[in-house]
Every structure is written in structure tokens, then in C-alpha cells.
Amino acid sequence: MPSPTAAGWSDQCWTLARIAEVVRRRFGVEYTLAGMDLLLHRIGWSVQVPSRKATERDEEKIAAWKDEQWPVIKRPRRTWAPGSASRTRPARA
């Protein structure tokens, strides 16, 4: 398969719609996006997103934040407490 720019798009991103369009042009077969997704998965292709990290990224600060701040933010939930989603009928305690 050619690159997206060689196929006529301005960027280097393949989408289901673009792949379906290339298949339609090349083979004369039309697929829905869901059908194209199923077909690609059947032949072993998967979604891949390039990883991009900022050059200014400070791994030590990130690790320190995860160790110190994340546990404070991510407290364990209560397993059960009386409550109600209704504003007009509060839960009985």
C-alpha cells in the first residue's frame, strides 16, 4: 500500500475511511468502515498510534509525582454506603 501522501492525502495518517477509499479505487470494492475494520483485524492488522513525547519531558519529576501525588488523588472507594441518585428522595440511613 502506498503512503498516505502518495495516495493523495496531505498528511501521513491512515484512517479507516482512507483505507476503504484506496481499496475502492484499486479493487472496485466498497466496504463500510465497520466492514473495513473487521477485514483488517481478520488479516492481523491493529490500530497503531505513534508515541510522541515532548523533549522538555522530565522523567524524574513524573516519577516523583506518581509516587507522591497520585496515591492522594486515587484513594480507594468505599465499598458500600447508603445513597441515592434521586435528588427528591434521599436514601434512608
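**Close-up views of a predicted four-helix chain**

**View 1. The side chains of Gln12 and Thr5 are joined by a polar contact of 3.0 Å.** A polar contact is a pair of N or O atoms within 3.5 Å; within protein, one atom must be able to donate a hydrogen and the other to accept it, and residues adjacent in sequence count only if both atoms are side-chain atoms. The model is predicted, so local features need pLDDT of at least 70 and side-chain atom pairs count only at pLDDT 80 or more, whereas totals for chains, interfaces and linings use all residues. Residues are numbered from 1 along each chain as its sequence is written, and side-chain values use heavy atoms, with hydrogens and water left out. Gln12 is placed in the segment before α1. Is Gln12 buried or exposed? Gln12 counts as exposed because its relative accessibility is 54%, where exposed means over 50% relative accessible area, buried means under 20%, and partly exposed lies in between (1.4 Å probe, protein chains only). When residues up to four places away in sequence are not counted, Gln12 touches Ser3, Pro4 and Thr5; contact means heavy atoms within 4.5 Å.

**View 2. Pro4 is buried in the segment before α1.** The relative accessible area of Pro4 is 3%, and therefore Pro4 counts as buried. Which residues are in contact with Pro4, leaving aside its neighbours within four places in sequence? They are Trp9, Asp11, Gln12, Cys13, Trp14 and Arg18. Pro4 and Arg18 are 14 residues apart along the chain, and their C-alpha atoms are separated by 8.1 Å.

**View 3. Arg18 of helix α1 forms a salt bridge with Asp11.** A salt bridge is a side-chain nitrogen of Lys or Arg within 4 Å of a carboxyl oxygen of Asp or Glu; here the closest N and O atoms are 2.5 Å apart. By this rule, the count comes to four salt bridges. A polar atom of the Arg18 side chain also lies 2.5 Å from the backbone oxygen of Cys13. Without residues up to four places away in sequence, Arg18 touches Pro4, Trp9, Asp11 and Cys13. Arg18 is buried because its relative accessible area is 15%, whereas Asp11, at 32% relative accessibility, counts as partly exposed.

**View 4. Helix α1 carries a salt bridge between Glu21 and Arg24.** Helix α1 spans residues 16-27; helices (H or I, at least four residues) and strands (E, at least two) are DSSP runs, numbered from the N terminus. The closest N and O atoms of Glu21 and Arg24 are 2.6 Å apart. The two residues are three positions apart in the helix, about one turn. An α-helix has 3.6 residues a turn, so residues three or four places apart point the same way. Both partners are partly exposed: Glu21 has a relative accessible area of 22%, and Arg24 has a relative accessibility of 35%.

**View 5. Five residues make up the largest nonpolar core.** Its members are Ile19, Ala20, Val23, Met36 and Leu40. The elements that give two or more residues to this core are α1 and α2 (33-42), and α1 gives the most, with three residues. A nonpolar core is a set of buried Ala, Val, Leu, Ile, Met, Phe, Trp, Tyr and Cys residues joined through side-chain atoms within 4.5 Å. In the chain of 93 residues, 10% count as buried.

**View 6. Helix α3 (residues 59-68) lies largely in the open.** Why is this so? The helix has 10 residues and the number buried is zero, so it lies largely in the open. At the start of α3, a side-chain oxygen of Asp58 reaches to within 3.2 Å of the backbone nitrogen of Glu60. Arg57 and Glu59 form a salt bridge, with the closest N and O atoms 2.6 Å apart. Arg57, with a relative accessible area of 39%, is partly exposed, and Glu59, at 44% relative accessibility, also counts as partly exposed. Elsewhere, salt bridges that share partners join Glu21, Arg24 and Arg25 into one network.

**View 7. Trp65, Trp70, Val72 and Ile73 make a nonpolar surface patch of about 420 Å².** Patches are made of residues with over 30% relative accessible area and no salt bridge; like charges are joined within 9 Å, and nonpolar side chains (Val, Leu, Ile, Met, Phe, Trp, Tyr) within 5 Å. Accessible areas come from the Shrake-Rupley method with a 1.4 Å probe, and for residues only the protein chains shown count as cover. Helix α4 (residues 70-73) gives the most to the patch, with three residues. Ile73 is found in α4 and counts as exposed because its relative accessibility is 53%.
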